[in-house]
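This report describes selected features of one protein chain. Please consult the sequence and the structure alongside the text.

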Amino acid sequence: MYHQPVLKNRRTLLERAEKFISDIYFTDCNLRGRLYGESCPVEKLESFLSPKRIPFSEACKQDFSPYKVGETFGPTWSTCWFRVSLNTPPSWSSEEVHLLWESDGEAMVWRDGQPVQGLTKEGEKTSYILSESLQDDEPHSLVLYVEVACNGLFGAGQGSMIAAPDPKRMFSVQRAELIIFNRHVQELLTDFEMMLDIVKELGEQDQRGFQALFTVNEMVNLCDPSDRSSFPRARSLASAFFSQRNGQSQHTVHAMGHCHIDSAWLWPYEETIRKCGRSWVTVVRLMEKNPNFVFACSQAQQFQWVKSWYPVLYSQIQHFVNKGQFIPVGGTWVEMDGNLPSGESMVRQFLEGQRFFNQEFGIHCKEFWLPDTFGYSAQLPQIMQGSGISNFLTQKLSWNLVNTFPHNTFFWEGLDGSQVLTHFPPGNSYEMKGKVEDLTKTVKNNKDKGRANHSAVLFGFGDGGGGPTQLMLDRLQRVQDTDGLPRVRMSTPDALFSELRSNSQLLCTWSGELFLELHNGTYTTQAQIKRGNRQCETLLHDVEVSSCLALCRDQSFKYPAEKLRELWRLLLLNQFHDVIPGSCIELVVEDALRYYEDIRDSGSQLLKTALSSLGSGGVCPAVFNSLSWERHEVVQIHNETGRPQLALVQVPSVGLSPVKPTEPLTPVSVTVQSDGTVLMENGILKSVVNKDGTLASCVWSRPAGSFIFINVIMKVCFGAVDVSCAVSRESLLDGCKGNQFVLFDDVPLYWDAWDVMDYHLQTRKPVVEVVQPVHVVSSDPLRATLSFSLRISKRSCITQNIIMDAMCPYLRFSTQVEWQESHKFLKVEFPVRVHSPNATYEIQFGHLQRPTHRNTSWDWARFEVWGHKWADLSEHNFGVALLNDCKYGYSVHKNTMTLSLLRAPKAPDAHADMGSHQFTYAIMPHSGLESSVIQFAYNLNFPLRLVQTSPQTPPWSAFSVSDPAVVLETIKQAEDQSGTMVVRLYESHGSSVTAALCTSLPVKEAWHCDLLERKDPSRPAQITTQGISLQFTPFQIVSLLLVL
Ligand SMILES: [Zn+2]
């Protein structure tokens, strides 16, 4: 029988119970005050400061000197090692004894040369358990080491979390002592906390809340903190309440431990290795005590780091992977950005990730796990399915600034129609704490009530690591089936998705990209990282293609498989979702740029070796084309005297040709007009450049009559259009200037490097101050170059070369910017004479449309969008495309096409983007044929490579594709199969086609395979004299194994 309250007053009962477990009030007499018993200081505390991160084996040999609690050490990013000598008093027999360690920074306890426990005040871990019940025969004297990293879970930002790190921050240890821990007090405290949270969460509308209120009040009545024999009665009241069960229809929460560790963000890559060590060793300790505890862990790269830095811990992890508790998830090398990596990069994320998990653990991940990136490409469902994955978990769209995403559990349909079952944990978090509110929020927020009766709750400190705690497990354990709360099941991703799939008739479908309406600045921030990514993707492509061909043409050539894997893994690492978006600190930028340099250095060397094998060591200049169409381009070579010289060359698809200069149909002409403007013409384009470098006019023309020669390029340009009559058309909007640089104020609300807000558009200022007006730099029948300079501000300027090549349908803008701005955004605009409600943007293995108007909130929320090598605005039979060689941010509003160039945020990198920049973009009017834009955007990004060959070498081609809609994207050696090649093609127009892949290589067999290069034995590809015939649906990716 409960005691009857004197007042019918919810508040007094509630607050009474709160004070009973308060860590602030009444700790002299309440239950919280009894959590710890006696304590004693450690016997000896010594320290050694290391500026570098060093292994234990090195640290333990250093000279340690005495340390007094409270003394400071540092600064930021250094490491303080402590040697802690302990002597437990014999009178503590049978007690649970902890080393209580409260310090700044993140700590790791080492015992007998091995890491045993992570300790982080921010992550609510301040105890290392020395003994659960001290026995006389246990060692009472012990020496431990504690490695304290001088950075917090979230780095060392000064003032705000995302501020640039304070390099001078100092750290200290506040408590280091032995202490008796009263486990029975902790258990009762957890009961009280859960009961109280139920009272508060269920509120006054729910009778269950009142039942909890009276129960918790009676628990206070029964419990005398100074008499542990009174505890069981209070505990049994709580237990009786927790075990009152739900009806059968209750929602089920699948609880999974998780620890989101950003592979680099507010701390450098090297610190992430230790974050993994600290977080995962703690997980292993929890697993030893809690056999039901399940932990989902992503990112193969982090496993690889732990494997090489903490081999003993890694073997313990392997043990728990085998037991099904420690679950590798995601299937990717890192949790990459979902927008910017190329299609092939995304494939490699899965290839490297899935192969790693398979080799190390015999596991194939069935779900893609990407809770924290800034939008998700419409091509991901197909790439997932091609990598053996049909489930997807994220939650980031809950951050949308404008529109609320309508589903939590749904089918996501990609660009090609592939579908994956997708779940956004309705609690909108990947770092819950197992609290009652996490459970109620999950049920309340679920936007698929009645459609999906299962949800995920991911618990554990995250972003900077930390992970789950015993307290979180204890909380969840109490309310597994408690009337009024959802059912809680310790579960796995697999079990969750199986439940969702088994009852999916009512689920809705979302088609197309998952666009995050926030963080749109990440398409532009840290321009050097973006450039490094694009250039290295291109370089590794060319290394793979040329190495495959060299292998076929030169018996002594060895395919650099190991080196390529190493370089790919570096590139994939930099695609992590805080690195390639540019949302990281300066130390990370330095690391990332160094990795790109490594890839460029080694990649260029590999390319040189492969190309010299292909050229068989002659002395005549030749060019190599790694793309799957014939190209006719102006290149710069060196003539016999070693002087640079231009040549118009023709080179077959995926092939090589000696340089045999041809005459252009129309030479490039340049005329300086009386008003100072400059007219440039090449028979396709006729442009007038104003003195300030803007375009006054850009007329595209399709010449009349017959051609002297029609090469493939011209066929591609003009396609099946009747070329008998001349058509010319102005590309630019009346009275407007193209190539107009514009500067905006760029001050977001908080997330500086991440966000560009809608209101920045109201601050547009054209860059008009001319330093050097336009002038002719060179004028050759094959290439004309103009140049001009503009001042952006006192400290920033632009110098640009406008380049027109013979036979080239685009005008190229090679741009240098000296950039020293603060919170400004530089873009370039082209107002074009095209009217269309939608603009088209290249994405991974395809393209998609986004609106050019602002009808609805979903339209206006996309005021800044991402794309890859091109964006296009087209009417029927005419359009203008904007190409680029390293940019990703665009906006097309009404008729104005804008390319985003540079930003100047100050956090978390105070020097983001300051300095010199080089990039190229191009404007390309066209007759509305997507194929020409797609191919020329590739051409702009994949330069023809110069080779030396012998004069007798005839032009040769290794591969060609019969239909211009199909792009042969990738040619590589199959993983672990030296006699087999993988080729990957995709349909790029959005059409259903049959195409023939022709090859001059001695292919014996061809098989369809998936993106993991697993042969489909039911699908041999027929090789005929016309080539390998292949069927494509819109934007379909097809991979083949070619056995040589
Ligand atoms: Zn993250």
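## Strand 46 and its partner

Buried means under 20% relative accessible area, exposed over 50%, and partly exposed in between. Helices and strands are DSSP runs, numbered from the N terminus. The model discussed here is predicted.

In a regular strand the side chains alternate between the two faces of the sheet. Strand 46 (residues 945-949) has a covered face made up of R945, V947 and T949, while L946 and Q948 lie on its uncovered face. Strand 22 (residues 620-625) runs antiparallel to strand 46 and is joined to it by 5 bridges. Within this pairing, P621 of strand 22 stands opposite Q948, a residue of the uncovered face.

## Nonpolar cores

In soluble globular proteins, nonpolar side chains tend to be buried together. The largest nonpolar core in the model holds 266 residues, and the members that touch the most others are F326, L826, L883 and F959. Helix 16 (residues 586-615) supplies the largest share of this core, 11 residues. A second core of 30 residues is separate, and V97, L99, Y128 and F171 are among its members.

What surrounds L826 once residues up to four places away in sequence are set aside? The contacts of L826 include F741, V742 and L743, together with V767, I792 and I798. Further contacts are made with V817 and W819, and with S900, L901 and L902.

## An open antiparallel sheet

An open sheet is formed by 6 strands in the order 3-2-5-10-7-8, with antiparallel pairing. Strand 3 (65-66) and strand 8 (114-119) are the edge strands, each pairing on one side only.

Strand 7 (residues 106-111) and strand 8 run antiparallel and are connected by 5 bridges. One pair of bridge partners is V109 and Q117, the latter lying in strand 8. The loop between strand 7 and strand 8 contains D112.

## Backbone exceptions

Most residues other than glycine have a negative phi, and most peptide bonds are trans. D112 departs from the first pattern, with a positive phi of about 50° although it is not a glycine. D913 likewise has a positive phi, near 70°, in a residue other than glycine. Are these two aspartates buried or exposed? D112 has a relative accessible area of 71% and is therefore exposed, whereas D913 has a relative accessible area of 5% and is therefore buried.

Two cis peptide bonds may be noted as well. G74 and P75 are joined by a cis bond with omega of about 5°, and P75 belongs to the loop between strand 4 (72-73) and strand 5 (79-87). The bond from A907 to P908 is also cis, with omega near 5°. P908 lies in the loop between strand 44 (896-903) and strand 45 (915-926), and D913 is found in the loop between these strands too.

## A nonpolar surface patch

On the surface, M161, L749, Y750 and Y759 form a nonpolar patch with about 380 Å² of accessible area together. M161 is located in the loop between strand 10 (141-149) and strand 11 (171-181). Because its relative accessibility is 30%, M161 counts as partly exposed.

Technical notes: Residues are numbered from 1 along each chain as its sequence is written. This is a predicted model: local features need pLDDT of at least 70, side-chain atom pairs count only at pLDDT 80 or more; totals for chains, interfaces and linings use all residues. Side-chain values use heavy atoms; hydrogens and water are left out. Patches are made of residues with over 30% relative accessible area and no salt bridge: like charges are joined within 9 Å, nonpolar side chains (Val, Leu, Ile, Met, Phe, Trp, Tyr) within 5 Å. Accessible areas come from the Shrake-Rupley method with a 1.4 Å probe; for residues, only the protein chains shown count as cover. A salt bridge is a side-chain nitrogen of Lys or Arg within 4 Å of a carboxyl oxygen of Asp or Glu. Helices (H or I, at least four residues) and strands (E, at least two) are DSSP runs, numbered from the N terminus. Buried means under 20% relative accessible area, exposed over 50%, partly exposed in between (1.4 Å probe, protein chains only). A nonpolar core is a set of buried Ala, Val, Leu, Ile, Met, Phe, Trp, Tyr and Cys residues joined through side-chain atoms within 4.5 Å. Contact means heavy atoms within 4.5 Å. Two strands pair if DSSP finds at least two bridges between them.
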